Amino acid sequence: MDSLDRFAQEKLAQIDAQGLRRRLVETDRDSATGARRDGQSLISFCCNDYLNLSHHPDVIAAAKTATDRYGTGAGASRLISGNVPLYTQLERKLAELKQTDDAIVFGSGYLTNIGVIPCLVGPGDMIVADALNHACLISGARLSQATVYVYGHGDAAACQALLREHRADHDRCLILTDGVFSMDGDIAPLAALASLAREYDAWLMSDDAHGLGVLGGGRGSSFASGEKEDIPLQMGTLSKAAGCYGGYLCASQPIIDLLRNQARSFVYSTGLPPGTIAAAIKSLEIIETDEDLCAKPLGNAKTFCRFLNLPEPQTNIVPLILGQAERVMAASNALAEKGFLVTGIRPPTVPEGTARLRFTFSAAHNEEDIGALASAVRELEIAA
Ligand SMILES: *Cc1c(COP(=O)(O)O)cnc(C)c1O
């Protein structure tokens, strides 16, 4: 065997030995909650399509119409010839929803974070980051080559201590946090971080991949408290509650104009398929106008927690931390046998020793499904 394959096989053997080997499983999804795997019908509690908009007839129709009109692909980067007319409408909608001057849409949430962060800070600058930030914020921070200081999860006082100690040594400073933490389902202390950002002349950026369509009447975590938090850089994705694909940043006009010039993952990557842009516009229209729909995922998560006497959740993401990866995979398999799809989450997605089942609740779940899931969790003694 040549050195290339030997390298891969040795790596894989290490992953296997830790019980962390991942495999793709074909999943035929017919809604936010319906999935077929190996011929078995499962009720899914691990999908981010929180409002079932990926299967909404109006969203699908919008995608079809735009595909008929503009074709399946953008044909080029947006700065060359890939800026189909629908983009202006989508970016205007996002800016309105988040109450900023403007917005910029990228190919995905991941591409947004790795594009935005290195445009704002570089070598000699500093980033202050929550310990449980999403992987793509971490990737963006690494690419920027700024010095990264990490504070304990959700701990604004620890963030302040880092700012107090290091702020004077650096030119620009970016505070990075998930709005909703994707694997824990809690909300960042946004008001406190916003106030620190003002005090220390730092720029606050929140990644609200899981907040859009779910919190703050659908506007996201920066509106969850009932008041708009002062967050000049609001990032998010169109791939979760919006049921489509693509990432975005909502910010002031100068920032958006700068990013359109310099964000490498924007400049050097092809625009989104037109059907996806049209679908996202329709999804955002639904999110804007249907507050009851947006309230359902969190309502369903609360119902689940009530059934199991768990603490009331802040969002529609409910983790059950079991510790070891093997235990989580066994619990996930046992739930699948009972007809529930709940994928186990293992390191390195979450810290060592905190492997977990991560339940996500959608507007499409009903009380019967949730009751049945809670009973299965109880019978299998998973929550014990
Ligand atoms: C899913 C996710 C992303 C990435 O978004 P994609 O559009 O899927 O690339 C970014 N940040 C967080 C917190 C996420 O959960």
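**Exercise 1. Work out how many disulfides the whole structure holds, then check Cys-119 and Cys-159.**

Searching the whole structure turns up zero disulfides, a disulfide being a pair of cysteine sulfur atoms within 2.5 Å. Take Cys-119: it is in no disulfide, and the nearest cysteine sulfur, in Cys-136, sits 15 Å away. Cys-159 has its closest cysteine sulfur in Cys-173, at 7.8 Å, so that pair is too far apart for a bond.

Now for burial. Cys-119 has 15% relative accessibility and so counts as buried; buried means under 20% relative accessible area, exposed over 50%, and partly exposed in between (1.4 Å probe, protein chains only). Cys-159 is buried as well, with a relative accessible area of 0%.

Before going on, a note on the model: it is predicted, so local features need pLDDT of at least 70 and side-chain atom pairs count only at pLDDT 80 or more, while totals for chains, interfaces and linings use all residues. Residues are numbered from 1 along each chain as its sequence is written, and side-chain values use heavy atoms, with hydrogens and water left out.

**Exercise 2. Locate Ser-221 and describe its surroundings.**

Start with the backbone: Ser-221 lies in the loop between strand S8 (203–207) and strand S9 (233–237). Strands here are DSSP runs (E, at least two residues) and helices are too (H or I, at least four), numbered from the N terminus.

Is Ser-221 buried or exposed? Its relative accessible area is 2%, so Ser-221 is buried.

Next, the neighbours. Leaving aside residues up to four places away in sequence, Ser-221 touches Gly-179, Val-180, Ile-187, Leu-190, Asp-208, Gly-211 and Leu-215; contact means heavy atoms within 4.5 Å. With Asp-208 there's also a side-chain to side-chain polar contact of 2.6 Å. (A polar contact is a pair of N or O atoms within 3.5 Å; within protein, one must be able to donate a hydrogen and the other to accept it, and residues adjacent in sequence count only if both atoms are side-chain atoms.)

**Exercise 3. Find where Ala-331 sits and what it touches.**

Ala-331 belongs to helix H13 (residues 325–337). At 8% relative accessibility, Ala-331 is buried. Not counting residues up to four places away in sequence, its contacts are Leu-322, Leu-357 and Ile-382.

**Exercise 4. Identify the polar atoms that meet the ligand's oxygens.**

Go through them one at a time. A backbone N or O atom of Gly-109 is 2.8 Å from a ligand oxygen. For Tyr-110, a polar backbone atom lies 2.9 Å from an oxygen of the ligand. Lys-240 uses its side chain, with an N or O atom 2.6 Å from a ligand oxygen.
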